[in-house]
Amino acid sequence: MLESGVQTGPTVRRPNVFSGPYLDRAAHLRKDSAFLDAALRDPATLLVPVWQSRSLVRRVPAGFGAALLEFGDALGGMVQPAEYVLLGHFHGRTVFAAEFSDESTLTLPPETGFEDLRLTGAALPQDEAGLLAYARAMVLWRGRHRHCGTCGAATSSESAGHVMKCSNPSCGAEHFPRLDPAVIVLVSDGERALLGRQASWPAGRYSTIAGFVEPGESLEDAVAREVLEETGVSVHEVSYHSSQPWPFPSSLMIGFMALASADAAIRTDDELEDARWFTREEVAAGVPGLPPPQSVSYRLIEEWYDAGAAVPLAATPGVKQWGSGR
């Protein structure tokens, strides 16, 4: 509450990269065959192409932009209609996604190329990053469900690419897009943050503790279990921070903050090569290489850091980040 007596509302955080209200998904049109037929014939319809799990982007002065193709650019007939996935309406235009097995079948606009979205996501406009992530996730899901998980028969696409239905009449199972929920947590004792690293990472890289939620487990229970299993530290006061779609390939990262006792000793398991407590002074000096800014793990570290630092993390010159010159 402010000194004037005016009560403030809850803090509104900016959306994480790959999230936000970037698209009207138009779910009610997925079974509208007349709409779909017209949209696939409309030269103004947009396409998000995916090739080898990479997204088409163009270089712009500020970084990258999504390279969306128009159906009028000789795209009609290049992909079977059943292979297109309706994403929805993007800035008033219908947009589909499709996977291309051969990059040479596309005539790419100048200054464009297929890039890994993990590397370019933070340099894209927020809405375009979300659109490309959605397209990537849908294409990868469809590619992994070409056969029924119940009986093994081939599946066919329905509902504009959002259902893969078993072709076996005696089965007929419908398979829908799935997400793998994973918790990710910044553990702090107030003055220090608990970060860990995997042996496969380049030297100096550290991140927040994370792991997949198991069946029959709440998110809060998963946080406590993962931290205890990987570091030996018991946490309390677990609180939700934010979530992030992470289509690499199909995760939903659910971010938390948690507190631990200042005297908590660390022991690592076989998943982590090392885990340790870092002070804000060490982070500012670049001792741990931090995750890239497009990740929710960075956002968690940033919020902890900024709560006790005179200069925000994003403006601290000595900070090191993965995949950047900092």
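**Overall make-up**

I started with the secondary structure and found six helices and 18 strands in the protein chain. I remind myself that this is a predicted model. Next I looked up the extent: along the principal axes, the C-alpha atoms fill a box of roughly 65 × 50 × 50 Å. The chain has 326 residues, and 46% of them are buried. For the surface, I noted about 16000 Å² exposed, with carbon and sulfur atoms supplying 52% of that area. I also checked how far contacts reach along the sequence. Of the contacts between residues at least 6 apart, 65% join residues at least 24 apart.

**Helix H1 and the hairpin it meets**

I turned to H1, which spans 33-41. At the N-terminal end I found a cap: a side-chain oxygen of aspartate 32 sits 3.3 Å from the backbone nitrogen of alanine 34.

Which residues of H1 are buried? I listed Phe35, Leu36 and Ala39. Looking down the helix axis, I saw these buried residues fall within an arc of 95 degrees, so they line one face of H1. I keep in mind the usual rule here: an α-helix has 3.6 residues a turn, so residues three or four places apart point the same way. On the face turned away from the buried side, I noted the exposed residues Ser33, Ala34 and Arg41.

What do the buried residues of H1 pack against? They pack against S5 and S6, so I went there next.

S5 covers residues 85-90, and five of its six residues are buried, so I wrote this strand down as largely enclosed by the rest of the structure. Its partner S6 runs over residues 93-99, and the two pair in the antiparallel sense over five bridges. One bridge I looked up by residue: histidine 89 has threonine 94 in S6 as its partner. Together S5 and S6 make a hairpin with two residues between them. I paused at the turn, where histidine 91 has a positive phi of about 50 degrees.

**A three-strand sheet**

Further along I traced an open sheet of three strands in the order S8-S9-S10, with antiparallel pairing. Which strands are at the edges? They are S8 (155-158) and S10 (174-175), each pairing on one side only. S9 holds residues 163-166 and pairs with S10 over two bridges. In that pairing I found lysine 165 bridged to glutamate 174 of S10.

**Aromatic pairs**

I counted 10 aromatic pairs in the structure. The pair I opened up was tryptophan 51 with phenylalanine 114, which is tilted, at 5.6 Å centre to centre and 55 degrees between the planes. Tryptophan 51 belongs to strand S1 (residues 46-51) and phenylalanine 114 to strand S7 (residues 112-115), so this pair ties together parts that are 63 residues apart in sequence. Are these two residues buried or exposed? Tryptophan 51 counts as buried at 15% relative accessibility, and phenylalanine 114 is also buried, at 6%.

I then moved to phenylalanine 71 and tyrosine 84, whose ring centres are 5.3 Å apart with the planes at 40 degrees, so I logged this pair as tilted. Both residues are in the loop between S4 (69-70) and S5, and they are 13 residues apart. Phenylalanine 71 is buried, with a relative accessible area of 7%. Tyrosine 84 counts as buried too, at 5% relative accessibility.

Before leaving the rings, I noted one aromatic cluster made of Phe18, Trp246 and Phe248.

**Asparagine 16**

My last stop was asparagine 16, in the segment before H1. Why do I call asparagine 16 buried? Its relative accessible area is 3%, and the cut-off for buried is under 20%. Which side chain does asparagine 16 reach with a polar contact? I found serine 242, joined to asparagine 16 side chain to side chain at 3.0 Å. Setting aside neighbours within four places in sequence, I listed the contacts of asparagine 16 as Gln126, Ser242, Ser243, Gln244, Val296 and Arg299. Serine 242 therefore turns up in my notes in both ways, by the polar contact and in the contact list.

Methods: Residues are numbered from 1 along each chain as its sequence is written. This is a predicted model: local features need pLDDT of at least 70, side-chain atom pairs count only at pLDDT 80 or more; totals for chains, interfaces and linings use all residues. Side-chain values use heavy atoms; hydrogens and water are left out. Helices (H or I, at least four residues) and strands (E, at least two) are DSSP runs, numbered from the N terminus. Buried means under 20% relative accessible area, exposed over 50%, partly exposed in between (1.4 Å probe, protein chains only). A polar contact is a pair of N or O atoms within 3.5 Å; within protein, one must be able to donate a hydrogen and the other to accept it, and residues adjacent in sequence count only if both atoms are side-chain atoms. Contact means heavy atoms within 4.5 Å. Two strands pair if DSSP finds at least two bridges between them. The arc is that of the directions from the helix axis to the C-beta atoms. Accessible areas come from the Shrake-Rupley method with a 1.4 Å probe; for residues, only the protein chains shown count as cover. Rings of Phe, Tyr and Trp (its six-membered ring) pair if their centres lie within 6.5 Å; planes under 30 degrees apart count as stacked, over 60 as edge-to-face and the rest as tilted.
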